[in-house]
Amino acid sequence: MNIENQIAELFRAGVANPENKLNGVVDYDFVCADIMIEMSIDILIEEMGSLDEFYKVFDSLVDIELALEAA
């Protein structure tokens, strides 16, 4: 499985985790932290080249999630 698919899987798990919701709303900072803990920052940098590249993928997943919620 490639790194972006791994991030997407962990993102979906993080969004579904009730511990990452405050007053019923997903706190994406918690989701991001869960991904970084699960994968480790070193692996993310090694696989993606930088944390900036990770954040691009993460932000696109948040955008998709928010668009789905709004639909």
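Which residues of the largest nonpolar core touch the most other members? Select I7, F11, I35, L44, F54 and F58, which hold that place among its 19 residues; a nonpolar core here is a set of buried Ala, Val, Leu, Ile, Met, Phe, Trp, Tyr and Cys residues joined through side-chain atoms within 4.5 Å, and buried means under 20% relative accessible area, with exposed over 50% and partly exposed in between (1.4 Å probe, protein chains only).

Before going further, note that this is a predicted model, in which local features need pLDDT of at least 70 and side-chain atom pairs count only at pLDDT 80 or more, while totals for chains, interfaces and linings use all residues. Residues are numbered from 1 along each chain as its sequence is written, and side-chain values use heavy atoms, with hydrogens and water left out.

Next, colour the helices, which are DSSP runs of H or I with at least four residues, just as strands are runs of E with at least two, numbered from the N terminus. The core takes at least two residues from each of α1 (3-16), α2, α3 and α4 (51-70), and α2 gives the most, with six. Centre on I35, which touches I7, L10, F11, S40, F54 and F58 when residues up to four places away in sequence are not counted; contact means heavy atoms within 4.5 Å.

Now select α4, whose 20 residues reach 28 Å from first C-alpha to last, close to the 28 Å expected at 1.5 Å a residue, the expected span being 1.5 Å times one less than the number of residues. Its buried residues are F54, V57, F58, L61 and V62. Seen down the axis, they fall within an arc of 140°, so they line one face of the helix; the arc is that of the directions from the helix axis to the C-beta atoms. D52, K56, I64 and A70 are exposed on the other side of α4, whereas the cover over its buried residues includes α1, α2 and α3.

Move then to N20, in the loop between α1 and β1, which counts as buried at 4% relative accessibility. The N20 side chain reaches the backbone oxygen of G14 at 2.9 Å, a polar contact being a pair of N or O atoms within 3.5 Å, where within protein one must be able to donate a hydrogen and the other to accept it, and residues adjacent in sequence count only if both atoms are side-chain atoms.

Finish at N23, in the loop between β1 (21-22) and β2 (25-26), where phi is near 55°, a positive value in a residue other than glycine.
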